[in-house]
Amino acid sequence: MVQFPENKIKKVQEIIARYPEGKQKSALIPVLHLAQEEFGWLSSETMDYVASLLKLEPIEVYEVATFYSMYNLKPVGRYMFEVCQTGPCMLRGSDNIIEYIGQKLGIKPGETTADGLFTLKTVECLGACGYAPMMQMGKFYREHLTKEKVDAIIDECRTKASTLN
Amino acid sequence: MSKKLLLEKAHVEGIRTYDVYRREGGYRSVEKALKTMSPDQITEEVKKSGLRGRGGAGFPTGLKWSFLAKPAGVPRYLVCNSDESEPGTFKDRYLMEFIPHLLVEGLIVSSFALGSNRTFIYIRGEYAWIVDILEQAIEEAKANGWLGKNILGSGFDCEIYVQRGAGAYICGEETALIESLEGKRGNPRIKPPFPAVKGVWDSPTVVNNVETIAAVVPIINIGAEEYLKIGVGKSTGTKLISACGNINKPGVYEIDMTISVEEFIYSDEYCGGIPNGKKLKACIPGGSSVPILPTNLLLKTAKGETRYMNYESLSDGGFATGSMMGSGGFIVFDEDQCVVRHTLTLARFYRHESCGQCSPCREGTGWMEKILKNIEYGKGKMSDIDLLWDIQRKIEGNTICPLGDAAAWPVAAAIRHFRDEFEWHVNNPDECQKRNYGLAHYADPRPLAVPA
């Protein structure tokens with residue numbers, strides 16, 4: 001059963017309190033972020049759970065979850081490389097970086113490695129054009145990417161994963 | 001050296017923290033505004049300063065504030081638009097990340113002016129770590145009495161909350177942002193009613209960009225009259241420019257809008273020229289939506305005059321031979337870059353970001369991407385170029401929100417100024433896979449328009 005831990009329930013209440021009485025639907029986008037943080041992706045059970053927390057119809061949650069690009073509607077790897085491919089990054093060689101990551105991990109954009117560790121995704125402008133090429137990994141940006149930096153990031157993830165397992 | 005009003009202290013060590021920010025003169029504008037000015041006086045001051053919205057549209061901020069409806073007993077809201085997503089633009093991020101208290105300070109003064117007791121910062125979801133930085137700054141401000149109940153004994157209450165988006169360029173459009181803040185899809189609303197009358201939760205709302213709100217701080221501190229003196233004409237004060245692409249020193253620069261485009265690109269104080277001795281081919285001076293200009297029209301207007309980094313000069317010549325200041329996202333192309341390929345990435349961007357409400361935008365952006373893809377990969381026909389032109393014409397002006405225009409303009413300008421590069425792709429389908437068209441004649445001096 002999908003269920004937030006106590007601290008997250010508290011956080012949801014805090015978020016709802018930011019809005020005027022009866023406007024708890026405004027909490028939907030932040031609460032979906034909390035859900036994705038907790039469960040990794042948004043299954044229909046998770047979305048139904050969020051609907052019940054905010055007293056919304058499930059459809060109100062589905063239509064929002066499918067609109068915004070940051071919500072994962074299927075499982076993703078433990079580390080997601082979201083590489084920007086829009087113009088300013090392209091001018092600084094993002095195409096080569098995407099190709100390099102793909103070769104190195106043996107996957108195409110949109111795919112996840114068989115071990116479930118890495119997902120490669122191409123995304124549109126992340127507002128880091130001056131530090132291109134770049135990607136988002138979890139909460140943070142990795143900028144001024146080179147092949148060497150990509151190698152180091154992949155190693156870093158593998159090391160981290162092996163200590164977690 | 002340009003005068004700096006926003007980023008002057010951005011490099012002071014520890015400026016992110018309240019103590020250092022306060023020591024450096026922070027929150028003085030709140031003291032001045034709440035203790036010595038009325039809300040209407042602040043609005044008047046902002047009006048007088050000539051401040052124009054820094055998000056891209058350049059609408060006079062004071063005028064926008066004066067439109068806010070004030071029915072008795074109805075709450076009013078200020079929402080800060082931190083959904084910075086226009087390709088080429090990363091100035092708001094810089095400001096929020098390095099000097100977050102400046103935004104908080106500006107928000108308190110602006111909230112007081114507008115009567116907003118509950119103010120929201122709507123920030124793009126990807127800037128996740130900046131949410132922590134802002135919430136920390138808000139908490140510090142509150143702990144020191146700048147937020148909460150009866151601030152400085154003025155009787156004014158204010159809370160600021162940070163709301164994260166979840167990945168949608170369209171939420172930078174103010175009515176889409178409001179929808180998103182209400183927990184819905186980011187579908188822009190039909191105007192009127194304007195947010196100033198009916199905004200978030202049907203209450204009167206002002207939505208302002210981060211840099212706009214930050215600029216309120218120096219306006220109050222030095223006064224509108226002093227602020228006006230910086231800059232030129234209707235381009236008053238300073239502007240943050242995010243410079244990127246093929247330049248030696250990409251980054252965020254605060255300029256006073258009196259410097260020339262040429263100086264901005266080549267001076268060591270700013271972009272520091274083009275790397276590897278390459279030549280300048282083209283530039284998009286105000287974020288991806290504004291027209292791209294070839295070097296010869298970028299550095300000089302069609303009349304042969306020097307082009308400057310301000311609202312009027314960048315748009316000199318209209319869309320025929322000029323561009324726009326837009327959001328200040330300054331994208332530089334060296335001679336090796338392919339304008340067709342770059343335009344393709346922008347078309348893909350706008351297709352991806354179209355909310356899908358209006359057919360011309362939903363369908364048109366997809367068609368433009370497909371056609372551009374064909375041309376870029378050597379499968380285009382000569383008639384495709386005219387078809388592209390035709391599609392962009394039919395999107396522009398035919399949609400609820402400006403995303404349609406924003407998608408149409410880059411394609412239009414690329415064809416207008418680089419048509420021969422598109423034709424070269426069509427005529428040389430194999431060669432265009434191996435090399436780019438290059439600089440061609442794009443930096444050659446243009447014959448001056450003969451007066452009629």
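Q: What makes strand β1 (residues 79-84) of chain A and β2(A) a pair?
A: Two strands pair if DSSP finds at least two bridges between them; six bridges join β1 to β2(A), and the two run parallel, so the criterion of at least two bridges is met. Strands here are DSSP runs of E with at least two residues, and helices are runs of H or I with at least four, both numbered from the N terminus. In β2(A), Thr122(A) is the bridge partner of Val83(A). This is a predicted model, in which local features need pLDDT of at least 70, side-chain atom pairs count only at pLDDT 80 or more, and totals for chains, interfaces and linings use all residues. Residues are numbered from 1 along each chain as its sequence is written, while chains are lettered from A and ligands numbered from 1 in the order in which they are written.

Q: Why are β2 (118-123) and β4 (140-142) of chain A said to stand at the edges?
A: The four strands form an open sheet in the order β2-β1-β3-β4 (chain A), with mixed pairing. β2 and β4 each have a single partner strand, so one side of each is left without a neighbour in the sheet.

Q: How many residues of chain B are in contact with chain A?
A: Contact requires C-beta atoms, placed from the backbone, within 7 Å; 46 residues of chain B are in contact with 35 residues of chain A. On the side of chain B that touches chain A, α15(B) gives the most, with seven residues.

Q: Which bounds does the domain assignment give for chain B?
A: The bounds, which come from an automatic or database domain assignment, are domain 1 (18-229), domain 2 (239-334) and domain 3 (339-434).

Conventions: Contact = placed C-beta atoms within 7 Å.
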